[in-house]
Amino acid sequence: MGRAFEFRKARKMKRWSAMSKAFTRIGKDIVMAVKEGGPDPDSNSRLRAVIQNAKAVNMPKDNVERAIKRASDKSQGDYKEVLFEGYAQHGIAVLIETATDNNTRTVANVRSYFNKTDGSLGTSGSVVFMFDHTCNFKIKGDDLDLEELELELIDSGVDEIFEDTDVDENGEEHTSVMVYAPFESFGKIQAYLEENDIEIISSGFERIPQVTKKVTSEQAEDVEKLLEKLEEDDDVQNVYHTMEESAE
């Protein structure tokens with residue numbers, strides 16, 4: 001199994017599961033999807049994907065419907081996706097995806113986090129090349145033949161397909177399948193899965209580091225100070241880095 005599997009295995013054990021943060025993120029994703037393609041999920045593939053993700057984190061249906069309605073209101077401001085790049089201590093590259101309605105505020109906040117933790121905010125293009133921009137789908141694994149699925153999706157540029165296991169609130173294990181592919185393959189794969197009635201649990205985009213760097217536990221604590229400040233910011237959607245993560 002390749003980098004996508006190892007990345008997924010490590011990330012599963014990490015934070016981001018805080019429900020309030022998940023709801024905030026999805027709320028912004030809904031606004032951006034509706035502004036881009038309208039409020040009807042049947043004709044807006046991006047909105048369909050966001051609604052699937054909302055279900056995956058148990059976001060109430062009423063919350064989703066209210067968010068779509070608010071996003072349809074012309075007075076509702078829009079969010080702009082802005083990428084920030086820089087270095088934490090010990091030469092760890094950091095890539096931050098934000099969704100903001102006030103870029104001045106977001107820039108000031110992100111810069112302050114780097115400054116307070118002895119990192120350095122870089123210029124556009126300074127670290128983004130160190131990460132592969134990928135799309136991913138988590139689908140129901142029941143009655144699926146992984147080899148057959150991989151053959152069907154090979155023309156879409158799929159990089160990796162593997163089984164994943166989740167544990168629900170009752171402690172029961174469920175098998176799902178993760179599909180990783182280049183960023184630009186998202187539409188093709190989504191269309192194939194929908195046309196073949198394969199249930200999509202969630203989907204999204206990730207930036208997988210091409211090379212990771214080992215650090216000591218003390219150095220990792222230094223880096224974590226910056227990562228935690230970034231992840232607590234409401235404008236921040238995702239934080240990626242090149243520090244080697246443990247799946248333990």
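Reader: What makes β3-β1-β2-β8 an open sheet, and which strands are at its edges?

Author: In this predicted model, four strands line up in the order β3-β1-β2-β8, with antiparallel pairing. The edge strands are β3 (120-121) and β8, and each of these pairs on one side only.

Reader: How do you know that β2 and β8 count as paired?

Author: Pairing asks for at least two bridges between the strands. Strand β2 (residues 93-100) and β8 have five bridges, in the antiparallel sense. To find the place in the structure, look at Thr98, which stands opposite Val236 in β8.

Reader: Staying in β8, why is Gln237 called buried?

Author: The word buried applies under 20% relative accessible area. Gln237 has 8% relative accessibility, so Gln237 counts as buried. You will find Gln237 in strand β8 (residues 236-241).

Reader: What makes the pair Gln237 and Asp29 a polar contact?

Author: The limit for the N or O atoms is 3.5 Å. The side chains of Gln237 and Asp29 make their polar contact at 3.2 Å, which is within that limit.

Reader: And Asn238: is that residue buried or exposed, and how do you know?

Author: Asn238, also a residue of strand β8, has a relative accessibility of 10%. With the cut-off at 20%, Asn238 is therefore buried. The Asn238 side chain makes a polar contact with the side chain of Arg25 at 2.7 Å. Leaving aside residues up to four places away in sequence, Asn238 touches Arg25, Leu95, Ile96 and Glu97.

Reader: Why is the pair Glu81 and Arg46 called a salt bridge?

Author: Here is a friendly bit of background: side chains of opposite charge can pair when their charged atoms come close. The cut-off is 4 Å, and the closest N and O atoms of Glu81 and Arg46 are 3.7 Å apart, so the pair is a salt bridge. Glu81 sits in strand β1 (residues 80-87) and Arg46 in helix α3 (residues 45-56), so this pair ties together parts that are 35 residues apart in sequence. By the same rule, the count comes to ten salt bridges.

Reader: Why is Glu81 exposed but Arg46 partly exposed?

Author: Exposed means over 50%, and partly exposed lies between 20% and 50%. Glu81 has 56% relative accessibility and so counts as exposed. Arg46 has a relative accessible area of 24%, so Arg46 is partly exposed.

Reader: Which salt bridges does Arg105 form, and what makes them part of a network?

Author: Arg105 meets Asp101 in a salt bridge at 3.0 Å, N to O. Arg105 also forms one with Asp235, where the closest N and O atoms are 2.9 Å apart. Because Arg105 lies in helix α5 (residues 103-116) and Asp235 in the loop between α8 (217-232) and β8, this second pair ties together parts that are 130 residues apart in sequence. Salt bridges that share partners join Lys28, Asp101, Arg105 and Asp235 into one network.

Reader: How do you know that the buried residues of α5 lie on the same side?

Author: The buried residues of α5 are Thr106, Val110, Tyr113 and Phe114. They cover an arc of only 95° around the axis, which puts them on the same side of α5. What covers them includes β1, β2, β3 and α8. On the other side of α5, Thr104, Asn115 and Lys116 are exposed.

Notes
Residues are numbered from 1 along each chain as its sequence is written. This is a predicted model: local features need pLDDT of at least 70, side-chain atom pairs count only at pLDDT 80 or more; totals for chains, interfaces and linings use all residues. Side-chain values use heavy atoms; hydrogens and water are left out. Helices (H or I, at least four residues) and strands (E, at least two) are DSSP runs, numbered from the N terminus. Buried means under 20% relative accessible area, exposed over 50%, partly exposed in between (1.4 Å probe, protein chains only). A polar contact is a pair of N or O atoms within 3.5 Å; within protein, one must be able to donate a hydrogen and the other to accept it, and residues adjacent in sequence count only if both atoms are side-chain atoms. A salt bridge is a side-chain nitrogen of Lys or Arg within 4 Å of a carboxyl oxygen of Asp or Glu. Contact means heavy atoms within 4.5 Å. The arc is that of the directions from the helix axis to the C-beta atoms.
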